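Get your viewer ready and keep the selection box handy. We'll go stop by stop: pick something, look around, move on.

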Amino acid sequence: MKNAGTILIYNCSGEPFSKLKQIFAMLRLRMRVVEPSRYHISLGELAQGKGEPGAEAEPLPEPMLVFCYMPQALLNQVLEVIRVAKLPPISLKAVLTDTNQDWNTHQLYEELLKERNSFAGEAKNP
């Protein structure tokens, strides 16, 4: 059966995340674990399994997921299954877009932090 989409996975290793990977496998999603030596490669290339490892970088300080080539209905289903499964929280999630496909891991991470901090600021100042 055809693969339904790809998920780039950062810092989701060990027992707490084994259920997450089982869910992705059940939904026939391709999982690409992104190691720090590949953080310099564009998200688009990572999603396609391309790019050569470079110098070892510092691992991201928290888990992050990037959903690639997934229809909206499937993305909604995946997010709902993650929520219902009561997995460890992963606050940094993104969808591969025309805008961010040329970004590397660090660029996306910084953008997601800005977004999260912006929402946190709005929540404090209603």
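## Stop 1: helix 1

Bear in mind that this is a predicted model. Start by selecting Gln22 and Met26: both are exposed, on the other side of helix 1 from its buried residues. Now which residues of helix 1 are buried? Select residues 18-26 and pick out Leu20, Ile23 and Phe24. Those three span an arc of only 95° around the axis, so they sit on the same side of helix 1. The general rule behind this is that an α-helix has 3.6 residues a turn, so residues three or four places apart point the same way.

Next, show what the buried side packs against. The buried residues of helix 1 have four partners: strand 1 (5-10), strand 2 (29-33), strand 3 (64-68) and helix 3 (72-84). Before leaving, click on Arg28, which follows helix 1 and has a positive phi, near 60°.

## Stop 2: strand 3

Select residues 64-68, which make up strand 3. Five of the five residues here are buried, so strand 3 is largely enclosed by the rest of the structure. Turn on side chains and look at the two faces: Met64, Val66 and Cys68 point one way, while Leu65 and Phe67 point the other way.

What are the strand's neighbours? Add strand 1 to the selection: strand 1 and strand 3 pair in the antiparallel sense, over five bridges. For a landmark, Tyr10 stands opposite Met64 of strand 3. Then add strand 4 (residues 92-95), which runs parallel to strand 3 and is joined to it by four bridges. Here the landmark is Val66, whose bridge partner in strand 4 is Ala94. Trace the backbone from strand 3 through helix 3 to strand 4, and you follow a β-α-β crossover that is right-handed.

## Stop 3: the salt bridges

How many salt bridges does the structure have? The count comes to three. In general, side chains of opposite charge can pair when their charged atoms come close.

Select Glu62 and Arg116 to begin. Their side chains meet in a salt bridge, 2.9 Å from N to O. Glu62 is in the loop between helix 2 (43-47) and strand 3, whereas Arg116 is in helix 4 (residues 105-124), so this pair ties together parts that are 54 residues apart in sequence. Colour by accessibility if you like: Glu62 is buried, at 17% relative accessible area, and Arg116 counts as partly exposed, at 30%.

Jump to helix 3 and select Arg83 and Glu80. Their side chains form a salt bridge of 2.6 Å, N to O. Both residues lie in helix 3, three residues apart, about one turn of the helix. Arg83 is exposed, with a relative accessible area of 58%, while Glu80 is partly exposed, at 37%.

While Glu80 is still selected, add Glu52 and draw a C-alpha to C-alpha distance. The two are 28 residues apart in sequence and 34 Å apart in space.

Back in helix 4, select Glu111 and Lys114. This is another salt bridge, with the closest N and O atoms 3.8 Å apart; the cut-off is within 4 Å, so the pair counts. Glu111 and Lys114 both lie in helix 4, again three residues apart, about one turn of the helix. For exposure, Glu111 is partly exposed, at 34% relative accessible area, and Lys114 is exposed, at 55%.

## Stop 4: the cysteines

Last selection: Cys12 and Cys68. How many disulfides does a search of the whole structure find? The search finds zero. As a reminder, a disulfide is a covalent bond between the sulfur atoms of two cysteines.

Why is Cys12 not bonded to Cys68? Draw the sulfur-to-sulfur distance: the closest cysteine sulfur to that of Cys12 is in Cys68, 14 Å away, which is too far for a bond. Seen from the other end, Cys68 is in no disulfide either, and the nearest cysteine sulfur is that of Cys12. Both residues are tucked away from the surface in the accessibility sense: Cys12 is buried, with a relative accessible area of 2%, and Cys68 is buried, at 0%. You have already met Cys68 in strand 3, where it points the same way as Met64 and Val66.

Technical notes. Residues numbered from 1 in each chain as written. Predicted model: local features only at pLDDT ≥ 70, side-chain atom pairs only at ≥ 80, totals over all residues. Heavy atoms only, no water. Buried < 20%, exposed > 50% of the residue type's maximum accessible area, 1.4 Å probe, protein only. Arc of directions from axis to C-beta. Contact = heavy atoms within 4.5 Å. Pairing = 2+ DSSP bridges. Right-handed = clockwise from strand over helix to strand, strands pointing away. Disulfide = S-S within 2.5 Å.
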